[in-house]
Amino acid sequence: MAREIERLLGLVLRAGDRSGPLDLEAVEMAVRSSMHQAGAAVLDQLLGFDPPSAEQRQRPCACGHTARYVEMRSKPVLTAVGKAECVRPYYLCEHCHRGQFPVDVQLDVENTELSPGVRRMLAAVGHEGPFDRGRQQMELLAGLSITTKAVERTAEAIGEDIEVRQQRELRQALQLELPIPMGARIPILYVEMDGTGIPVVRKETEGRAGKQDGQPAYTREAKLGCVFTQATVDEEGYPIRDEASTSYVGAIENCDQFGCRLYAEAWQRGWARAEKKVVLGDGAEWIWNQASLHFPEAIQIVDLYHAREHLWSLAAKLYPNDSPAQKRWVMVWKDKLDQGKIERLVASLRSQAASRPELAEDLRTEANYFEDNKERMRYPKFRKQGLFIGSGVIEAGCKTVLGRLKQSGMFWTVRGANAIIALRCCQLSGKFEDYWEARTA
Ligand SMILES: [Zn+2]
């Protein structure tokens, strides 16, 4: 320790006694490195434990028998200031042959050579971007050398732990054991959901059909849900989302599992005591199935912009290569859509099917889409209540939360993807600090 401080002093003195310009960056980085070395030396001392006293050489084992002290064992622990050595007692149960390090549990370094401080940093950089960029950030920002694989493993382990805890809460919610959370008045609570493809390794898509016939899929759909609140509208009557009120849940899983997950989240956010409840989504059938199942009392709204897109794609088929005609047609029906006059639109599409036999199938499909969703498209009624009629929040959520898994050029296992999705949802919902605290409590 004294040696490190001496080195540090020498460094600063040499920098001060300069004839040329001061290279501040070189000096500050060298100072940090020396500080780290001094700190690691201190931690080294702190983590050198004494052998247990005679009366502490036995401990209960999980199997019900007794574990006995064997010897002192040492392992490296990477801390926020660099490598330290942890020397601590090792106990072994002769009955079940399970070993234990009580100190590791106490220090929160069980089965890992990374300190809790370092693991928290890795959770922060590991969810943000590609794991190798996380490694570079650790080097630059924290002065710590960590392998890309360690960034990945640690971020995934934390994500998996978050998921395990969430599943426990979810089971409680489904058993209706959760009390209705108390809190401030919630005028309007929204639930939105959407799905997007995540590139996965080959084994995860075996036996699944791809989007193109005969081609195997190389993505799996990750579903994302969000919950947010709205207390007010602006001067023009447009809804305003409450700041920092959005929380996310998501996973690659089937519709029913996801529906339960989103229900548990909405429940925690105060669904039961919200004065007005809204589910917003595009036209996908699974969304409305889950909405009816878990949120039957909610007002259901199909995203207006998504509905308009249906008009545009139909116009392109009705008037191929004639964009002025497409535009004219869309303008007429867009107005009807905005006015919630869905029956008029449906009737028109059905009557056109007779005169355009080659497009009859498309026209019928679209007529059915609008007919099935007509009650979810009464936009003037929703507007009058000051409600959101676009699902922009979940679409942006898909980009920010799930975009991370698409942009890195990585092919995921379902397990790895779900761990990072859980970690990311936790971070972006502002719940990570609570999780980290609760974890060791
Ligand atoms: Zn045992």
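This tour moves through the aromatic rings of a predicted model, and then turns to two arginines placed over rings.

Begin with the rings in general: the count comes to 15 aromatic pairs. Select Phe131 and Trp412, whose ring centres are 6.0 Å apart and whose planes meet at 70 degrees, so this pair is edge-to-face, given that angles over 60 degrees fall in that class. Colouring by secondary structure helps at this stop, because Phe131 belongs to helix α5 (residues 131–142) while Trp412 sits in the loop between α14 (392–407) and α15 (414–428), and the pair thus ties together parts that are 281 residues apart in sequence. If a surface is switched on, note that Phe131 counts as buried at 4% relative accessibility, and that Trp412 is likewise buried, with a relative accessible area of 1%.

Next, select Tyr190 and Phe228, an aromatic pair that is stacked, with 4.8 Å from centre to centre and 10 degrees between the planes. Here the link runs between strands, Tyr190 being in β5 (residues 188–199) and Phe228 in β6 (residues 219–233), which lie 38 residues apart as distant parts of the chain. Both Tyr190 and Phe228 are buried.

From there, select Tyr263, Trp267, Trp271 and Phe295 together, since ring pairs link these four residues into a cluster.

Finish with the charged side chains. Show Arg73 with Tyr90, where the arginine lies over the face of the ring at 3.8 Å from the ring centre. Then move to Arg439 and Trp436, where the charged end of Arg439 sits over the Trp436 ring, 3.7 Å from its centre.

Definitions and conventions: Residues numbered from 1 in each chain as written. Predicted model: local features only at pLDDT ≥ 70, side-chain atom pairs only at ≥ 80, totals over all residues. Heavy atoms only, no water. Phe/Tyr/Trp six-rings, centres within 6.5 Å; stacked < 30°, edge-to-face > 60°. Helix = DSSP H or I, 4+ residues; strand = E, 2+ residues; numbered from the N terminus. Buried < 20%, exposed > 50% of the residue type's maximum accessible area, 1.4 Å probe, protein only. Lys NZ or Arg CZ within 6 Å of the ring centre and 35° of its normal.
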